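Let's take a walk through one protein model and stop at a few spots worth a look. Keep the 3D view open as you read.

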Amino acid sequence: MKSKIWLSSPHMGGGEMKYIQQAFDENWISPLGPNVNGFEADLENFLSEGVHVAALMSGTSAIHIALMLLKVVPGDDVICQSLTFSASANPILYMGANPVFIDSEKDTWNLCPIALEEAIEEGIKNGKKPKAIIAVSIYGMPYKIEEIRAISNKYEIPIIEDSAEALGSTYKNRKCGTFGDLSILSFNGNKIITSSGGGALVVKNRKYKDKAVFLSTQAKDEAPHYQHSELGYNYRLSNVCAGIGRGQMEVLEDRIAQRRANNEFYKNIFKDIDAVTVFSEPNEDYFSNFWLTNIIIDPSAGSATRETLRLKLLEEGIESRPLWKPLHLQPIFKSAKFFGNGVCEKLFNNGLCLPSGSNLTTEEKDRIAKCIRSCFEK
Ligand SMILES: *Cc1c(COP(=O)(O)O)cnc(C)c1O
């Protein structure tokens, strides 16, 4: 039996255990401690630009807290791109707010500036300006940072940057995770680095960080007894998990290089296959961590389709996945508004995510290449 090849599996660096051991030695088995502080400091140093980081138990909880900090209330509209994981938008529903979904543009697959502005104009016309824009850097590709910022400034609507998939990506040499008014990261098991489960909220001032920590540790007021005047959440990252995160930060640069090497590997396989386009950076302003490498298969080429390739890979024990199904097509979000003209739906119909783990071996890559080539033989 050949071993299974996963889309993106955890890849430990070796340094994680020393931080976990330290947590056990010092009995910091809790959602606070030296690893939590250390992990936050590591992330602040990596992102630079004077940001403050609050380590939380997931990227999803970080988005939830971000919406609270922006004072979203039930009935508000919050904009989100449609081509993303459901976790980008679920916290909008947690708040009792309404998601408004936006199509992708073709260069980065992220928020289409034209559809975004249409949605905001229509909201304003109806007396309801959206409260926030959730902008995602999907698969590690930075969104159109300058265009989206200009729209945010023009209408004075803050950006929540969802860089769950984009740690290590840059735009004009500035790091993803620093572009939002509030930004979030994820360290789930499938992400470029993992703390087994975890996330972070990245903010520009200390007050926001303190408030995020307050809300994520049950909103305890200052008093000798338990006193609460706001609704709290139990969202802080465990000190044990933070230890894994610290170990992973030591190898982040290697992981970025390895994922980018995967992207080169696939570009090489597909360079002579006309029906396939490998998703690539639009120009040199963009640097993607290529968390996942994705392809679009032209259905009119008469070769393999997204589905025949996926099934052939599966037969060989190789996991691949269709792109994120657009959220405006999901049953759970069926009553939400959508602005656009079908770009993300077309991407979904013809796009496939290929195995992109930083731990893929040469032998595994050979298996993948052989299987793909067999699908496109004339
Ligand atoms: C993974 C992911 C999240 C959620 O992060 P968790 O840590 O899994 O809660 C949010 N947005 C996107 C785009 C993601 O890929």
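Is Lys-191 buried or exposed? This is a predicted model, and in it Lys-191 has a relative accessible area of 10%. Anything under 20% counts as buried, so Lys-191 is buried.

What makes Lys-191 a good place to start? The UniProt annotation, from an unreviewed entry, marks Lys-191 as "modified residue: N6-(pyridoxal phosphate)lysine". To find Lys-191 in the viewer, look in the loop that runs between β8 (182-186) and β9 (199-203). Leaving aside residues up to four places away in sequence, Lys-191 touches Ala-164, Glu-165, Ser-186, Arg-259 and Trp-291.

Next up is Asn-350, which sits in helix α11 (residues 343-350). With a relative accessible area of 14%, Asn-350 is buried too, because the limit is under 20%. Again not counting residues up to four places away in sequence, Asn-350 is in touch with Ile-295, Ile-296, Ile-297, Pro-299 and Arg-306.

Now for some backbone geometry. Most residues other than glycine have a negative phi. Two residues here go the other way: Asn-27 has a positive phi of about 65° although it is not a glycine, and Glu-156, also not a glycine, has a positive phi near 55°. Where do you find Asn-27? Asn-27 is in the loop between α1 (16-25) and α2 (34-47). Glu-156 belongs to the loop between α6 (145-155) and β5 (159-162).

Here is how the four residues compare in accessibility:

| Residue | Relative accessible area | Buried or exposed |
|---|---|---|
| Lys-191 | 10% | buried |
| Asn-350 | 14% | buried |
| Asn-27 | 62% | exposed |
| Glu-156 | 65% | exposed |

Both Asn-27 and Glu-156 count as exposed because the cut-off for that word is over 50%.

Last stop: a pair of helices. Two packed helices are described by the angle between their axes and the distance between the axes. For helix α10 (residues 306-315) and helix α12 (residues 362-375), the axes come within 10 Å and cross at roughly 140°. Why are α10 and α12 called oblique to each other? Roughly antiparallel would need an angle over 145 degrees, and roughly perpendicular covers 65 to 115, so a crossing of roughly 140° makes α10 and α12 oblique. The crossing of α10 and α12 is right-handed. On the α10 side, Leu-309, Lys-312 and Leu-313 make the contact, and on the α12 side Cys-371, Ile-372, Ser-374 and Cys-375 do. Sorted by type, the residues of this contact are five nonpolar, one polar and one charged.

Key: Residues numbered from 1 in each chain as written. Predicted model: local features only at pLDDT ≥ 70, side-chain atom pairs only at ≥ 80, totals over all residues. Heavy atoms only, no water. UniProt positions renumbered as here; feature names shortened; annotations may be inferred. Helix = DSSP H or I, 4+ residues; strand = E, 2+ residues; numbered from the N terminus. Buried < 20%, exposed > 50% of the residue type's maximum accessible area, 1.4 Å probe, protein only. Contact = heavy atoms within 4.5 Å. Axes fitted to C-alpha atoms, helices over the stretch in contact; angles between N-to-C directions. Parallel < 35°, antiparallel > 145°, perpendicular 65-115°, else oblique. Left-handed = near helix turned anticlockwise from the far one by under 90°. Nonpolar A, V, L, I, M, F, W, Y, C, P; charged D, E, K, R; others polar.
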